[in-house]
Amino acid sequence: SAEERQPGWFYPPTLLTNVAPASTVAQTEIFGPVAVAMPFRTPAEAVALANNTPFGLAASVWTENINLALDVAPRIKAGVVWINTTNQFDAAAGFGGYRGSGFGREGGREGMYEYLAPVVTSNARSVTAASLAPQTAPTDDAPPGRRANDAARAVLPPIDRTAKLYIGGRQARPDSGYTRRVLGPDGRVVGEVGAGSRKDVRNAVEAAHEAASAWARRSGHARAQVLYYVAENLSARAREFAARLDGMSGGTGGAAEVEAAVRRLFTYAAWADKYDGAVHDVPIRAVAFAMHEPIGVVGVACPDEAPLLGFVSLVAPLAALGNAVVAVPSERAPLAATDFYGVLDTSDVPAGVVNIVTGARDPLAVVLAEHDDVDAVWYRGTRDGAAAVERASAGNLKRTWTAWDAVDWLDPAAGEGRAYLRESTQVKNVWVPYGA
């Protein structure tokens, strides 16, 4: 018939050469028998060309030098890398992309997690953020010299100390020049912090990107040593942090929260070199190994409950597995986090690995979700705030991990574990054929 003689929508196999890296055919996915060839001089240049695209679904590396292939494969930003083969699929090995090719995996253990949800316990406790308790008056049983000194201090005005932002390993004033008051449970102003803005988030993301590659390349053992050091230095200042937390909450649980934060840091330091990948059983003569890779730069919006422990519980697993973090601490009780950067400064944490931007949590979380150079966002806050982060992330296919239920951060079953490690990484499956 006449319809059968029509050529149809068929495109012949085509090889395109002399293509510039910015050409459309080099930047977009072509669903057809079309190959684009670009020359390169060094393996590093080949990796740069391969990564110069907003997509990252799959890649093939072809070479006679298997050592070179295994060096190049981890540096390619793609969810699957085949070595000297292509288009190999199996339910045992996860398949999925990076960046504009989406997130999540199909197949493998990592694919199974996409269909599971955590169990939320009903006995979660909430710690209300509050202020520092007022300075106590001198007691009658104090030594005379101390009573005199206390009386003298009582008439002096308090030191006006405004906690700054922490960006690139340095304290930084907010770009706006504005500050936010931190109120205590009785309404007293107990301190001030910088009011972070979009510009401050941009600066923090730039600092995180400068640190991310070198931090990710460090061995798990090296990252573990840094986190052990952080835990040790926090433990040495336990009384100071406990007093700060007790003052902000109006309670007496500060010591327990600091102790839990130290234990959590030790836990993730131990995990830093033990969260291993896997080797999949695939139906060809090959090994397909799943590599856990850091996500990159992750924005974190912290909860108001347990302002120190909640901050540590979210930042520590990300840092342990090689990510750089831009954290927005508790909006109502940010002083625990601004005190904490003094611990970071004395613990060999590279500049830019942990950045802290204080201010209104939900607006700053949306800025992080909209930022194209932020690879993922973790949010712990309100239902409306979580929904806003999800909406803002839809335009750039950003990974998100949001929750609004109160968490008992003191409970290891809820405040730490493999779920946090899993969300701190993405899985790259590398296929390596062997034999005849």
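In this predicted model, a salt bridge joins the side chains of R180 and E331, with an N to O distance of 3.0 Å. R180 sits in strand β8, whereas E331 belongs to the loop between β13 (324–328) and α11 (335–345), so the contact ties together parts of the chain that are 151 residues apart in sequence. Both partners are partly open to the surroundings: R180 counts as partly exposed at 27% relative accessibility, and E331 counts as partly exposed at 30%.

The R180 pair belongs to a wider set, as a search of the whole structure finds 15 salt bridges. Another of these links D175 with K199, whose closest N and O atoms are 3.6 Å apart. Here D175 lies in the loop between β7 (170–172) and β8 (179–183) and K199 in helix α6 (residues 198–217), so this pair connects parts that are 24 residues apart in sequence. D175 is partly exposed, at 48% relative accessibility, and K199 is likewise partly exposed, with a relative accessible area of 31%.

A buried example is worth a look as well. R361 forms a salt bridge with D304, the closest N and O atoms being 3.6 Å apart. R361 is part of helix α12 (residues 361–370), while D304 is found in the loop between β12 (297–301) and α10 (307–320), so the pair ties together parts that are 57 residues apart in sequence. Both R361 and D304 are buried. These two residues also take part in a network of salt bridges that links D304, R332, R361 and D362.

Key
Residues numbered from 1 in each chain as written. Predicted model: local features only at pLDDT ≥ 70, side-chain atom pairs only at ≥ 80, totals over all residues. Heavy atoms only, no water. Salt bridge = Lys/Arg side-chain N within 4 Å of Asp/Glu carboxyl O. Helix = DSSP H or I, 4+ residues; strand = E, 2+ residues; numbered from the N terminus. Buried < 20%, exposed > 50% of the residue type's maximum accessible area, 1.4 Å probe, protein only.
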